[in-house]
Amino acid sequence: MSEKRAITVTVNGTKYERKEVPVRITLADFIRYDLGLTGTHLGCEHGVCGACTILLDGKSARSCLMLAVQADGHEILTVEGIAPSEDKLHPLQEAFRDNHGLQCGFCTPGMLTTLLEFLRDNPDPTEQEVRIAISGNLCRCTGYQGIVLAALDAAKRMRATPA
Amino acid sequence: MKPPPFQYHDPKTVAEAVGLLGTLDNAKLLAGGQSLMPMLNMRFVLPDHVIDLNRVDGLSYIKENGGTLEIGAMTRQRDVEFSDLVRAKCPLLHQAIMHIGHRQTRNRGTIGGSLCHLDPAAELVSVAMAMDATVVVSGPNGQREIKFADFPAGYLTPSIELNEIVTAVRLPLWPAGHKSAFVEFSRRHGDFAIVSAAALLAIDGGKIARASVTIGGVAVAPVRATDVEKQITGQAPSSDLFRKACESCRSIEAMSDIHASADYRQHLAAVLSRRALEKAAGLAENAPWNRKH
Ligand code: FES
Ligand code: FES
């Protein structure tokens with residue numbers, strides 16, 4: 001029998017209270033199965049692929065390497081929370097669309113959350129810096145070229161219209 | 001659900017955590033989770049109790065105390081990476097941090113967690129060895145200090161008791177103006193190093209007054225290349241001197257695994273220790289291997 005705990009987390013601005021969270025469930029599985037936010041993807045479940053990257057209190061983290069109970073009282077941003085509204089994309093997302101930054105889209109949630117933090121800290125990066133920033137995110141489709149172009153383009157767009 | 005069933009504890013103080021360790025059987029401490037969580041997800045470890053240190057107060061800090069840099073065990077690698085104090089006083093630590101994993105893992109990974117996990121290729125473990133660090137440990141009988149040279153007891157095993165917790169690491173600082181470099185060879189950026197080398201040099205009047213050379217990834221714990229240190233101390237730094245001295249690294253006892261043979265590790269030890277020294281001494285500005293990261 002696994003122990004359960006009550007937790008409160010804020011995800012994409014919405015507060016969720018859950019009374020019975022198994023202490024051994026990962027934050028990733030909690031986000032997907034309990035909250036139903038399946039945009040956060042799981043590629044490896046042991047911290048290698050970066051697909052499950054979320055922002056925890058504004059800092060990127062691999063949600064497969066955290067327990068849901070550890071997020072109690074914290075704020076989380078998942079890929080669903082990046083766009084400003086239902087019918088408008090974030091400039092980072094627009095840049096991905098316009099530069100072929102995705103094919104199957106499996107790695108995309110992790111790429112977007114990782115780059116969101118990165119471009120906030122480094123609004124005018126070099127190509128090499130972008131490549132290092134996404135070095136913890138594996139993409140099996142694009143060969144990364146489109147993703148790097150998208151990130152550089154996004155940086156330009158975000159500098160032009162600061163959030 | 002991937003991790004096996006366990007009871008979860010989140011103590012608020014070190015004393016509480018030590019108390020739990022003393023009463024619970026088969027307990028694991030959870031720090032940043034960048035090593036333990038994968039091991040739980042893959043069920044390589046099956047603890048009955050997980051004691052989470054993330055809500056323990058007072059273990060996250062970086063401070064300087066009379067020539068020593070003290071870093072709390074739960075200080076995130078990210079905080080070390082962005083610390084002006086670390087950059088100014090202990091550049092080797094900053095240089096090494098940049099080789100650890102990725103932003104997402106450094107945001108969570110801690111100093112104490114890395115030191116206790118004691119991966120043979122871990123950058124922080126090498127830095128602790130290179131700097132002659134001291135580990136501060138709390139147990140039921142209070143605090144004690146362990147010299148880092150005595151800290152590794154074997155593969156992935158620190159020499160602390162089951163009811164003790166590492167609370168901080170102390171790094172005796174080198175004099176202002178000292179030189180340092182950290183280089184490593186890995187297959188991809190952010191991967192575990194196959195071999196790494198850390199070099200510290202204090203240069204006085206054109207001569208090396210003091211040297212520290214550490215090779216990581218060759219044995220179960222990083223080793224100091226004391227032969228190299230002896231050969232170069234008192235000499236004027238030059239590529240030729242370093243090349244000759246570092247040949248002695250080929251006789252360091254090395255392990256063999258799926259990533260590299262012992263021979264290859266010894267070869268890397270000789271090459272990387274030379275490169276680290278050249279880089280520290282400012283002799284590698286135009287070297288083809290010295291790409292800016
Ligand atoms: S699923 Fe978390 S890093 Fe791969
Ligand atoms: S777009 Fe398919 S994995 Fe990246």
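In the predicted model, a salt bridge joins the side chains of B:Arg103 and A:Asp121, with 3.5 Å from N to O. This pair belongs to a wider set of charged links, for the count between chain A and chain B is 6 salt bridges. Polar contacts were counted as well. Between chain A and chain B, 21 residue pairs are in polar contact, both residues of each pair being at pLDDT 80 or more.

Several elements of chain A build its side of the interface. Strands β3 (53–56) and β4 (59–62) each supply at least two residues of the side that touches chain B, and so do helices α3 (108–121) and α4 (127–133). The largest share comes from β4(A), with 4 residues. The side of chain A that touches chain B is mixed in class: 12 residues are nonpolar, 12 are polar and 10 are charged.

The extent of the interface was examined next. In total, 34 residues of chain A are in contact with 32 residues of chain B. The size of an interface is often given as the accessible area lost when the parts come together. Here, chain A and chain B bury about 2900 Å² between them. Carbon and sulfur atoms carry 51% of that area. On the side of chain A, the most area is lost to chain B by A:Arg24, A:Leu65 and A:Gln70. Together, these three residues account for 23% of what that side buries.

Attention now turns to the nonpolar interior. In soluble globular proteins, nonpolar side chains tend to be buried together. The largest nonpolar core of the model has 37 residues. Within this core, B:Leu93, B:Phe148 and B:Leu171 have the most contacts. Helices and strands of chain B both contribute. The helices α5 (91–97), α7 (111–117) and α8 (123–130) each supply at least two residues of the core. The strands β5 (68–72), β6 (134–139), β10 (165–172) and β12 (195–204) each do so too. The largest share, 6 residues, comes from α8(B).

One residue of chain A was followed in detail. A:Thr78 lies in the loop between β5 (75–77) and α2 (91–98) of chain A. A:Thr78 counts as buried because its relative accessibility is 0%, and buried means under 20%. Its side chain makes a polar contact of 2.6 Å with the side chain of A:Glu80. Beyond its neighbours within four places in sequence, A:Thr78 is in contact with A:Val11, A:Asn12, A:Ile31, A:Leu37, A:Thr40, A:Ile54 and A:Thr113.

Conventions. Residues numbered from 1 in each chain as written. Chains lettered and ligands numbered in written order. Predicted model: local features only at pLDDT ≥ 70, side-chain atom pairs only at ≥ 80, totals over all residues. Heavy atoms only, no water. Contact = heavy atoms within 4.5 Å. Buried area = accessible area lost by both parts, 1.4 Å probe. Salt bridge = Lys/Arg side-chain N within 4 Å of Asp/Glu carboxyl O. Polar contact = N/O pair within 3.5 Å; in protein donor to acceptor, adjacent residues only side chain to side chain. Nonpolar A, V, L, I, M, F, W, Y, C, P; charged D, E, K, R; others polar. Core = buried A, V, L, I, M, F, W, Y, C linked by side-chain atoms within 4.5 Å. Buried < 20%, exposed > 50% of the residue type's maximum accessible area, 1.4 Å probe, protein only.
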